[in-house]
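Here is a short tour for a newcomer. Keep the sequence and the 3D view side by side while reading.

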Amino acid sequence: MQAVRHVVCAMSGGVDSAVTALLLRRRGYQVTGVFMNNWDVVDEHGACSAEKDCEDAYRVCRKLDIPFHQVSYVKEYWHEVFSYFLREYEKGRTPNPDVLCNKHIKFNHFLNYAIDNLGADAIATGHYARTSHEDEEIFQQPYLKAPQTLFRNRFEIRSNVKLLQAADHFKDQTFFLSQTSQYALRKTLFPLGGLTKDFVKKIAAEAGFHHVLKRKESMGICFIGERNFERFILEYLEPQPGNFVSLEDGKILGTHKGWFLFTLGQRARIGGLRDAWFVVDKDVSTGDIFVAPCTDHPALFRDLLRTDRMHWISEEPPAELVQNKMMECHFRFQHQMALVPCVLTLNQDGTVWATLVKPIRALTPGQFAVFYKGEECLGSGKIVRLGPSLYTLQMGQDRMKSAANVTSEAVKDLDPLT
């Protein structure tokens with residue numbers, strides 16, 4: 001008789017993780033719930049309360065009659081996620097800590113804890129995502145911890161797991177899982193991957209999980225919550241005053257407290273000006289933030305980007321990309337944005353250039369460029385460089401036309417037959 005499989009479920013106190021644990025119980029697994037505390041509640045003065053979340057998670061586990069554990073990753077989160085978050089802002093980039101939290105905390109520290117300390121056969125989370133393996137295939141996968149180098153043993157035989165979009169494309173969370181390692185995916189179940197959010201809520205209501213149904217859905221960065229971003233970030237970074245500068249005529253329009261308070265495409269609220277101006281570029285060396293007078297200004301649109309070294313879910317670039325050095329696929333740099341067709345070009349250092357079929361607004365350095373081929377999430381890389389904007393290209397064309405006109409007039413003066 002086969003032993004009952006033990007699955008450790010990440011519990012957040014929300015409806016998704018509650019239904020995840022319930023579905024695992026219904027499948028006959030031995031389930032243990034674990035709540036992760038990643039932020040020091042002593043310093044938390046906003047709406048995001050870890051203590052309330054923990055209590056809600058405990059109530060779900062008690063109702064399901066499964067063991068409940070708490071684990072603290074405050075130190076790990078600070079060093080591996082939040083410190084990176086601050087460094088990126090200081091460099092003028094806009095990071096995505098939620099992607100890194102999954103990579104370093106949930107699918108590394110938590111995974112290791114579940115297997116090494118709790119004896120789990122697999123872990124489960126409430127993410128809306130799917131993999132190419134059925135549950136039993138996941139249980140049969142050997143647990144091999146992350147390699148210490150960029151290269152794996154070529155002689156090692158393994159069955160790679162593909163990360164696939166959820167059935168509910170609106171709720172699909174593969175964007176946030178795009179830096180997850182292959183070794184973690186081989187031991188992870190996503191019970192909600194084939195369900196819609198509405199159906200998940202229906203299951204929760206029928207199971208009597210009314211306390212989690214009343215919770216507001218968490219949005220944005222959890223450690224900031226609903227607080228004012230400027231006040232929060234200035235608790236950790238020194239003000240760096242600078243000027244708002246009009247991109248079109250170089251006129252100084254106002255001042256700001258730091259370039260790290262603004263991201264590309266954001267409305268810049270400039271004192272004394274009633275009209276809306278939008279951030280189109282930043283110069284960290286001078287502190288200048290360049291702004292333009294409309295939300296669809298050509299300076300906000302670009303169709304070319306370069307990433308840092310790509311993280312491929314399969315650990316290696318797609319065979320088509322390796323063979324042809326180029327490949328058509330789809331791209332997004334924000335969760336829930338529409339997928340944009342693009343062409344990838346592979347560089348020798350493992351980075352890629354992505355050429356989009358049409359310019360899109362506010363491509364942002366520091367964000368993750370996530371790539372898809374059909375339903376499969378291929379992986380992601382941090383955006384580190386952008387191509388010229390439509391405004392720059394237009395200015396260049398205007399200068400070329402102007403130079404051509406000057407040359408034409410000069411030729412007329414020199415050649416009486418013209």
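Two strands count as paired if DSSP finds at least two bridges between them. Strands β10 and β11 (residues 277-283) meet that rule: two bridges join them, in the antiparallel sense. Ala 268 faces Trp 277 of β11 across this pairing. Note that the model is predicted.

**The chain as a whole**

The chain holds eleven helices and 19 strands. It has 418 residues, and buried residues make up 49% of them. Take the contacts with a separation of 6 or more: 70% of them join residues 24 or more positions apart.

**Two open sheets**

Strands of a sheet pair through backbone hydrogen bonds, either parallel or antiparallel. One open sheet has five strands in the order β9-β8-β12-β11-β10, and its pairing is mixed. Its edge strands are β9 (252-256) and β10 (267-268), each of which pairs on one side only.

Another open sheet of five strands runs β3-β2-β1-β4-β7, with parallel pairing. Here β3 and β7 (188-189) stand at the edges with a single partner strand each, so one side of each has no neighbour in the sheet. The partner strand β2 (residues 30-37) runs parallel to β3, and five bridges join the two. Within this pair, Val 34 stands opposite His 69.

**Two histidines**

His 69 sits in strand β3 (residues 68-72). Is it buried or exposed? His 69 falls in between: it is partly exposed, because its relative accessible area is 29%, and partly exposed covers the range between 20% and 50%. Beyond its sequence neighbours, His 69 touches Thr 32, Gly 33, Val 34, Phe 35, Tyr 113 and Leu 118. Leu 118 is 49 residues away along the chain, with 9.8 Å between the two C-alpha atoms.

His 311 belongs to strand β14 (residues 311-312). His 311 is buried, because its relative accessible area of 18% is under the 20% limit. Its side chain reaches two backbone oxygens, those of Gln 179 and Thr 180. Leaving aside neighbours within four places in sequence, the contacts of His 311 include Ser 178, Ser 181, Leu 378, Gly 379 and Ser 380.

**A buried aspartate**

Asp 168 lies in the loop between β6 (163-165) and α6 (182-185). Which side chain of opposite charge is nearest to Asp 168? That is Lys 171, 7.2 Å away; Asp 168 is buried yet has no salt bridge. Its side chain does have a polar atom 3.1 Å from the backbone nitrogen of Lys 197. Asp 168 also touches Leu 195 and Thr 196.

The table lists the polar distances for these side chains.

| Side chain | Backbone atom | Distance |
|---|---|---|
| Asp 168 | nitrogen of Lys 197 | 3.1 Å |
| His 311 | oxygen of Gln 179 | 3.3 Å |
| His 311 | oxygen of Thr 180 | 2.7 Å |

**Nonpolar cores**

The largest nonpolar core has 80 residues; Val 291, Phe 331, Leu 344 and Phe 371 touch the most other members. Helix α4 (residues 97-116) gives this core its largest share, ten residues. A second, separate core has 34 residues, among them Cys 54, Val 60, Ile 138 and Phe 209.

Val 291 leads back to the mixed sheet. Its contacts beyond four places in sequence include Leu 253, Ala 268 and Trp 277. Ala 268 and Trp 277 are the residues that stand opposite each other between β10 and β11.

Note on methods. Residues numbered from 1 in each chain as written. Heavy atoms only, no water. Helix = DSSP H or I, 4+ residues; strand = E, 2+ residues; numbered from the N terminus. Buried < 20%, exposed > 50% of the residue type's maximum accessible area, 1.4 Å probe, protein only. Contact = heavy atoms within 4.5 Å. Lys, Arg positive; Asp, Glu negative; His and termini not counted. Salt bridge = Lys/Arg side-chain N within 4 Å of Asp/Glu carboxyl O. Polar contact = N/O pair within 3.5 Å; in protein donor to acceptor, adjacent residues only side chain to side chain. Core = buried A, V, L, I, M, F, W, Y, C linked by side-chain atoms within 4.5 Å.
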